[in-house]
Amino acid sequence: MTHHILIVEDDAAAVDFVTQGLADAGFEVEACGDGEAGLSRAAEGDFDLWIFDRMLPGMDGLSMLGVLRERGLRTPAIMLSALGTVDDKVGGLAAGADDYLAKPFSFAELRARIAALLRRADRAEADAKATRIVVGDLEIDLLSRTVARAGRAVPLVAREFHLLEYLARHAGEVVTRTMMLEHVWNCRFDPGSNVVDVHIGRLRRKLEEGEAPILHTVRGAGYRLAAEG
């Protein structure tokens, strides 16, 4: 996977130096020359890492990073600065930077710090995926055992959550009533029981309150959880 990096730096020579080195290393790089433009791009773009100079025209790097963190953006950030005292570094990290590199620096050190932050971010993303199931605009958090649909919280009782989790783990597939009875209720098939249909009905009403259908009936077969019919 190619990582996308944003550099906000007003020193053209430094931008060329870092951009060329990162491009040669296989990164996609975009650069801005002032804080306001950098803030706009960082907020709107899909970047894997930010590199911000501390002193910038328009808006300084610390203020820019503070705004982005207040907006809930957690993209890893490296602060670059000619100010390299301990207090300067502490101030940069307190503003939300994940790393702080004093100028002048070697490209090899910058590259190593970038690699370390991206490894950390990739591990965090992998951990999040392991504890979260997403089907279209439906999100299931397996740790907190919460469900949201298009940003709307969907309150479920324990059995409903268990049923939804099972359907989500088989998203796009037809799940039969027998499968649900065995895996959700831990019981064998009972041709006279309508427990599955009753719970499916309740679950569907909660999931599809004002949103498009996501829990579909497959006549004669069972049910299928899918963002598209």
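Start by selecting V135 and L138: in this predicted model, L138 in strand 7 is the bridge partner of V135. That pair is a handy way into the sheet.

**Stop one: the two strands around that pair.** Now widen the selection to strand 6 and to strand 7, residues 138–141. The two run antiparallel, and four bridges hold them together. If you're wondering what links such neighbours, strands of a sheet pair through backbone hydrogen bonds.

**Stop two: the whole sheet.** Add strands 8 and 9, and you have an open sheet of four strands. Read across it and the order is 6-7-8-9, with antiparallel pairing. Which strands sit at the edges? Those are strand 6 (132–135) and strand 9 (152–153), each pairing on one side only.

**Stop three: the helix across the sheet.** Next, pick residues 158–169, which make up helix 6. This helix lies across strand 6, strand 7 and strand 8 (146–149). Compare its direction with strand 7 and you'll find an angle of about 115 degrees.

**Stop four: the largest pocket.** Leave the sheet and select D48, R74, T75, P76 and A121: of the 21 residues lining the largest pocket, these lie nearest its centre. The space in there comes to about 390 Å³.

Which helix gives the largest share of the lining? Colour helix 5 and you have it, with seven residues. Helix 5 spans 107–130, and helix 2 (35–44) also supplies at least two lining residues.

Last, try colouring the lining by residue type: eleven of its residues are nonpolar, seven charged and three polar.

Technical notes. Residues numbered from 1 in each chain as written. Predicted model: local features only at pLDDT ≥ 70, side-chain atom pairs only at ≥ 80, totals over all residues. Heavy atoms only, no water. Pairing = 2+ DSSP bridges. Contact = heavy atoms within 4.5 Å. Axes fitted to C-alpha atoms, helices over the stretch in contact; angles between N-to-C directions. 1 Å grid on protein atoms, 1.4 Å probe; cavity = no way out; pocket = protein on both sides within 12 Å on 5 of 7 lines; lining within 4 Å. Points joined across faces, edges and corners; volume = space filled by probe spheres on them. Nonpolar A, V, L, I, M, F, W, Y, C, P; charged D, E, K, R; others polar.
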